[in-house]
Amino acid sequence: MPASAITGGASDGNRHPNVALIRYYRPDGRFRCSATLISPTVLLTTAHCTQGTLGKTLVTFGSVIAENPPAPFPAAADPGKGYTADEIAKAGYLSGTAHTHPQYSGFTDLDNWNDVGVVVLDKPVSGIAPAKLAPSRYLDAYEQPKLNKTIFTFVGYGTEVRKPLTGPQKPQPMSYPLMRRFAESPGQKLTEQILQVNGNYNDTRGTGGTCFGDSGGPGFHGGNLVTVTSYGYTDNCRYLGGMQRVDIPVVLTWVRSFL
């Protein structure tokens with residue numbers, strides 16, 4: 001299940017101002033994801049947040065998008081062609097062009113996952129410091145048993161899992177308020193491609209995990225951007241989260257070609 005919010009997390013405010021919300025069209029509708037500024041003109045996200053994009057991608061670094069529905073984003077004049085740069089600019093947002101890792105497997109090959117994409121902005125961003133990409137093979141130093149004691153910070157604009165104000169009091173993903181949040185999760189498993197973390201907010205080692213809308217959002221450790229949120233295991237976002245490593249050569253080499 002592609003991840004799309006933070007469960008048990010807290011409002012991010014201006015803690016991570018280089019994390020953005022992106023909005024885009026595909027043939028099957030309009031979607032949102034999270035992304036991170038890694039240079040004045042490049043945002044890092046996941047491949048499943050860039051593949052099949054029609055037209056331009058809308059970008060905003062606002063920490064709070066909307067307290068209640070509807071979200072303030074414009075609709076494309078022609079959804080079949082997606083956003084134009086002019087439409088996005090008139091609405092007061094940034095625009096960019098999406099690119100997908102050429103070796104993205106579409107969630108079919110665990111050994112060659114490569115769920116990474118970038119959005120190249122039409123104009124450079126000023127006043128926001130880009131995130132620092134982790135050095136090559138940075139996470140190799142955190143394999144078990146060290147991994148289980150290591151806490152990672154995840155940021156995104158996804159849904160928040162909480163009890164509704166009315167009706168059955170079963171916690172569930174809530175889309176509003178739509179805002180940037182963060183959560184801290186301990187490592188659980190590390191493969192060549194994926195960092196798996198425990199996103200259960202009842203785990204006293206962390207504060208929660210990712211959920212719907214956090215896809216493409218960053219995972220940080222030691223001041224480095226080490227992962228992007230790729231997928232989750234359950235519909236209530238209360239279990240394990242799968243994070244695409246960005247510290248591996250097959251990813252770093254491609255991403256750096258845009259910098």
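The following exercises, each with a worked solution, concern strand S17 and the salt bridges of this structure.

The structure is a predicted model, in which local features need pLDDT of at least 70 and side-chain atom pairs count only at pLDDT 80 or more, whereas totals for chains, interfaces and linings use all residues. Residues are numbered from 1 along each chain as its sequence is written, and side-chain values use heavy atoms, with hydrogens and water left out.

**Exercise 1.** Determine how many residues of strand S17 are buried, and which way they point.

*Solution.* Strands are DSSP runs (E, at least two residues), numbered from the N terminus. Buried means under 20% relative accessible area, exposed over 50%, and partly exposed in between (1.4 Å probe, protein chains only).

Step 1. S17 spans residues 240–245, and six of its six residues are buried.

Step 2. Leu 240, Gly 242 and Gln 244 point one way from the strand, while Gly 241, Met 243 and Arg 245 point the other way.

**Exercise 2.** Identify how S14 and S16 pair with S17.

*Solution.* Two strands pair if DSSP finds at least two bridges between them.

Step 1. Strand S14 (residues 194–198) pairs with S17 in the antiparallel sense over five bridges. Within this pairing, Val 197 stands opposite Gly 241.

Step 2. Strand S16 (residues 224–232) also runs antiparallel to S17, and five bridges join the two. Here Thr 227 has Arg 245 as its bridge partner.

**Exercise 3.** State which residues share a salt-bridge network with Arg 245.

*Solution.* A salt bridge is a side-chain nitrogen of Lys or Arg within 4 Å of a carboxyl oxygen of Asp or Glu.

Step 1. Arg 245 forms a salt bridge with Asp 247, and their closest N and O atoms are 2.9 Å apart. Both residues are buried.

Step 2. Arg 137 and Asp 140 meet in another salt bridge, at 2.6 Å from N to O. Arg 137 is partly exposed, at 29% relative accessibility, and Asp 140 is partly exposed with a relative accessible area of 29%.

Step 3. Salt bridges that share partners join Arg 137, Asp 140, Glu 192, Arg 245 and Asp 247 into one network.

**Exercise 4.** Explain which parts of the chain the salt bridge between Lys 56 and Asp 122 ties together.

*Solution.* Step 1. A search of the whole structure finds seven salt bridges. One of them joins Lys 56 to Asp 122, with the closest N and O atoms 2.9 Å apart.

Step 2. Lys 56 lies in strand S5 (residues 54–60) and Asp 122 in the loop between strand S8 (117–121) and strand S9 (151–156), so the pair ties together parts that are 66 residues apart in sequence.

Step 3. Asp 122 is partly exposed, with 36% relative accessible area.

How values were computed:
Helix = DSSP H or I, 4+ residues; strand = E, 2+ residues; numbered from the N terminus.
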